[in-house]
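The following briefing sets out the architecture and selected local features of a single protein model. Please consult the sequence and the coordinates alongside the text.

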Amino acid sequence: YVGALVGYNNRGIIANSSSTGDVSVTATGTNTYTGGLIGYSYANVASSSTSLTNSYSKADVSATGDKVYVGGLVGWFSIDDSSATGEVSKCYATGNITGTSTGYLYIGGLGGVMYALSGNLTISNCYATGNITASGGSDYTGAGGFIGGVGTGTSISNSYAVGYVTASGSGTVYKGGFIGNNVSDAVSCSSCYWDTETSGTSDGVGNNDPDPAGITGLTTAQM
């Protein structure tokens with residue numbers, strides 16, 4: 001668990017925080033969680049919560065390992081109890097993100113994986129501008145300009161991404177200008193955008209065609 005500010009956060013509240021510089025990890029273990037600000041953050045106790053607000057990272061981030069979750073702001077952010085809640089708001093990341101994995105790889109300009117297995121996670125008024133370079137392995141690769149992988153119970157609003165996204169792997173590869181892999185097709189979005197020119201892709205969500213409602217591709221001039 002590696003982050004410029006926090007490696008591992010359980011039910012903490014992080015606000016008005018920032019980072020710059022470089023975060024680089026090469027791991028021999030099976031799971032690597034790396035973020036420009038936070039490596040791993042979650043809430044898994046009844047009626048608990050965790051939040052990340054009014055914060056940013058300008059750090060370049062790179063991670064190498066077997067199962068890699070890496071993001072410009074946070075590597076992994078999850079809500080794991082049905083009555084727990086999570087919030088990420090008024091945050092941004094501008095660093096370039098690089099991930100290399102022999103197994104799973106989820107990589108995003110803001111977050112690697114962000115989801116609510118149960119409970120609710122809201123992401124609002126955030127953006128990411130860094131370029132994404134993903135070299136995945138034999139399992140799933142999810143690479144997104146904003147988030148690599150999202151899941152059930154997650155809502156995103158008033159957010160955007162403009163970074164260039166490149167992704168490869170010997171397994172299944174999902175690449176999107178906004179989201180790489182929308183697991184279970186469960187994300188709810190409103191007023192979310194990606195730049196179809198700077199991202200190098202006309203696909204907003206890698207595993208959805210058409211893209212979910214609320215995610216719109218715009219030209220650089222329109223952005």
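Helices (H or I, at least four residues) and strands (E, at least two) are DSSP runs, numbered from the N terminus. The model is predicted, so local features need pLDDT of at least 70 and side-chain atom pairs count only at pLDDT 80 or more, whereas totals for chains, interfaces and linings use all residues. Residues are numbered from 1 along each chain as its sequence is written, and side-chain values use heavy atoms, with hydrogens and water left out. On these terms, the protein has zero helices and 26 strands.

**Overall dimensions and surface**

- Taken along the principal axes, the box filled by the C-alpha atoms is roughly 40 × 35 × 30 Å.
- The protein has 223 residues, of which 53% count as buried; buried means under 20% relative accessible area, exposed over 50%, and partly exposed in between (1.4 Å probe, protein chains only).
- The exposed area of the protein is about 8300 Å², with carbon and sulfur atoms supplying 44% of it; accessible areas come from the Shrake-Rupley method with a 1.4 Å probe, and for residues only the protein chains shown count as cover.
- Contact means heavy atoms within 4.5 Å. Among contacts between residues at least 6 apart in sequence, 79% join residues at least 24 apart.
- The protein carries 5 positive and 13 negative charges, and the mean positions of the two sets are 9 Å apart. Lys and Arg count as positive and Asp and Glu as negative, while His and the chain ends are not counted; the place of a charge is taken as NZ of Lys, CZ of Arg, CG of Asp or CD of Glu.

**Strand pairing**

- Two strands pair if DSSP finds at least two bridges between them. An open sheet of six strands, with parallel pairing, follows the order 1-6-11-15-19-23.
- Strand 1 (2-3) and strand 23 (173-176) stand at the edges of this sheet; each has a single partner strand, so one side of each is left without a neighbour in the sheet.
- Two bridges link strand 1 to strand 6 (residues 32-35) in the parallel sense, with Gly 3 opposite Gly 35 in strand 6.
- Strand 12 is joined to strand 7 (residues 38-43) by five bridges, and the two run parallel; Ile 38 has Val 74 as its bridge partner in strand 12.
- Strand 8 also pairs with strand 12 in the parallel sense, over five bridges, and Ser 51 has Glu 87 as its bridge partner in strand 12.
- Eleven bridges connect strand 12 and strand 16 in the parallel sense. Here, Gly 86 stands opposite Leu 121 in strand 16.

**Buried positions**

- Met 114 belongs to strand 16 (residues 111-124) and counts as buried because its relative accessibility is 0%.
- Leaving aside residues up to four places away in sequence, the contacts of Met 114 include Val 74, Phe 77, Val 88, Leu 121 and Ile 147.
- Met 114 and Tyr 127 are 13 residues apart along the chain, and their C-alpha atoms are separated by 14 Å.
- Gly 72 occupies the loop between strand 11 (68-71) and strand 12 (74-89); with a relative accessible area of 0%, Gly 72 is buried.
- Beyond four places in sequence, Gly 72 touches residues including Gly 36, Leu 37, Ala 93, Ile 97 and Gly 109. Thr 34 is 38 residues from Gly 72 along the chain, with a C-alpha separation of 8.6 Å.
- Ser 199 is in the loop between strand 25 and strand 26, and its relative accessible area of 1% makes it buried.
- Among the residues that Ser 199 touches, not counting those up to four places away in sequence, are Val 162, Tyr 164, Gly 177 and Trp 194.

**Backbone features in loops**

- Asp 209 and Pro 210 are joined by a cis peptide bond, with omega about 5 degrees. Pro 210 lies in the loop between strand 25 (188-195) and strand 26 (215-218).
- Asn 54 is not a glycine, yet it has a positive phi of about 50 degrees. Asn 54 is in the loop between strand 8 (49-53) and strand 9 (56-57) and is partly exposed, at a relative accessible area of 40%.
- Ser 184, also a residue other than glycine, has a positive phi near 65 degrees. Ser 184 is placed in the loop between strand 24 (179-182) and strand 25, and it counts as exposed because its relative accessibility is 60%.
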